[in-house]
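Student: I am new to this structure, and I would like to explore it with you. Could we go through it one piece at a time?

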Amino acid sequence: MTRPQSHAASLAVAPEPMDHVEGSLHARVTLLEYGDFECPSCKVAAPTPKLLLERFPNKIRFIFRHFPVPEAHPHAQMAAEVSEAAAAQGKFWQMHDVLFENQAHLKDKDLYRYAADLGLDMARYTAEMDDHIYLQRVREHVEGARRSHIRATPTFFIDGVVQDISFGMKALHDAVAAAVARHG
């Protein structure tokens, strides 16, 4: 569940080349989310960045980073690793959507099926998942979230400044519209 966060909070880890980006790479406005694939609030928020990308074509870019909360969501970390395995095969966003659509079914057998359904190289997928080669990447995202003083998901930043969405996603829509207007 989303908890209000201080407007003074800022993004500790700037956008980097390894981030998962949708929208224009050259957009002047960056919307970044720290999310958890098993978080019900994240699932509710998931359509919002897509709507914003449609509303402001070529004006914004959206970045998704992992912040699994295993104490509350026992399958979230493995889901994050699976999304990274999909990313390595060029299918991060497809897996992102599948994981949120199937949030109630994130056990290993389910994750394996989603990977197969997306057409991933399953020998590669199995080897990478057995060795947890993407766990470090997920941990780097979590560490960046902690340095940014994040305590809950989803947490959104616009151009490095945390956004309070405790009263709903309209506030995020309004903040993105204002940022786009500022940057022309």
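**Salt bridges**

Tutor: Welcome! A network of salt bridges links E16, D19, R65, R137 and E140. Please keep in mind that we are looking at a predicted model.

Student: How many salt bridges does a search of the whole structure find?

Tutor: The network we just met includes E16 and R137. Searching the whole structure for salt bridges gives a count of 10.

Student: How far apart in sequence are the parts that E16 and R137 tie together?

Tutor: E16 and R137 form a salt bridge, and their closest N and O atoms are 3.2 Å apart. E16 lies in the segment before strand 1 (20-23), while R137 belongs to helix 7 (residues 135-147). The pair therefore ties together parts whose separation in sequence is 121 residues.

Student: Which of these two counts as buried, E16 or R137?

Tutor: Buried means under 20% relative accessible area. E16 has 31% relative accessibility, so E16 counts as partly exposed. At 12%, the residue that counts as buried is R137.

Student: Which elements hold E22 and K50?

Tutor: E22 forms a salt bridge with K50, with the closest N and O atoms 4.0 Å apart. The pair ties together parts that are 28 residues apart in sequence, because E22 lies in strand 1 and K50 in helix 2 (residues 47-55).

Student: Is E22 buried or partly exposed?

Tutor: Its partner K50 has 29% relative accessibility and counts as partly exposed. For E22 the value is 19%, and the cut-off for buried is under 20%. E22 therefore counts as buried.

Student: About how many helical turns separate R113 and D110?

Tutor: The side chains of R113 and D110 meet in a salt bridge at 3.4 Å, N to O. An α-helix has 3.6 residues a turn, so residues three or four places apart point the same way. R113 and D110 are 3 residues apart in helix 5 (residues 108-117), so their separation is about one helical turn.

Student: Which of R113 and D110 is buried?

Tutor: R113 has a relative accessible area of 39%, so R113 is partly exposed. At 5% relative accessibility, the buried one is D110.

**Aromatic rings**

Student: What kind of pair do the rings of F64 and F92 make?

Tutor: A search of the whole structure finds 8 aromatic pairs. In the pair of F64 and F92, the ring centres are 6.1 Å apart and the planes are at 40°. Planes under 30 degrees apart count as stacked and those over 60 as edge-to-face. The angle for F64 and F92 lies in between, so their pair is tilted.

Student: Where do F64 and F92 lie?

Tutor: Both F64 and F92 are buried. Their pair ties together parts that are 28 residues apart in sequence, because F64 lies in strand 3 (residues 60-66) and F92 in helix 4 (residues 92-101).

Student: What kind of pair do F92 and W93 make?

Tutor: F92 is buried, with a relative accessible area of 4%, and W93 counts as buried at 14%. Their ring centres are 4.9 Å apart. Their planes are at 85°, so the pair is edge-to-face.

**Strand 4 and helix 7**

Student: Which residue is the bridge partner of Y34 in strand 4?

Tutor: Strand 2 (residues 29-35) and strand 4 run antiparallel and are joined by 4 bridges. Within strand 4, the partner of Y34 is T155.

Student: Which residue in the turn between strand 4 and strand 5 has a positive phi?

Tutor: Strand 4 and strand 5 (residues 161-163) run antiparallel, with 3 bridges joining them. They form a hairpin with 2 residues between them. The turn residue with a positive phi, about 50°, is D159.

Student: What should helix 7 span, given its 13 residues?

Tutor: The rule is 1.5 Å a residue, applied to one less than the number of residues. The end C-alpha atoms of helix 7 are 18 Å apart, which agrees with the expected span of 18 Å.

Student: Which elements do the buried residues of helix 7 pack against?

Tutor: The buried residues of helix 7 include L135, V138 and V142. R137 from our salt-bridge network is also among them. The elements they pack against are strand 2, strand 3 and helix 3 (76-88).

Key. Residues are numbered from 1 along each chain as its sequence is written. This is a predicted model: local features need pLDDT of at least 70, side-chain atom pairs count only at pLDDT 80 or more; totals for chains, interfaces and linings use all residues. Side-chain values use heavy atoms; hydrogens and water are left out. Rings of Phe, Tyr and Trp (its six-membered ring) pair if their centres lie within 6.5 Å; planes under 30 degrees apart count as stacked, over 60 as edge-to-face and the rest as tilted. Buried means under 20% relative accessible area, exposed over 50%, partly exposed in between (1.4 Å probe, protein chains only). Two strands pair if DSSP finds at least two bridges between them. Contact means heavy atoms within 4.5 Å.
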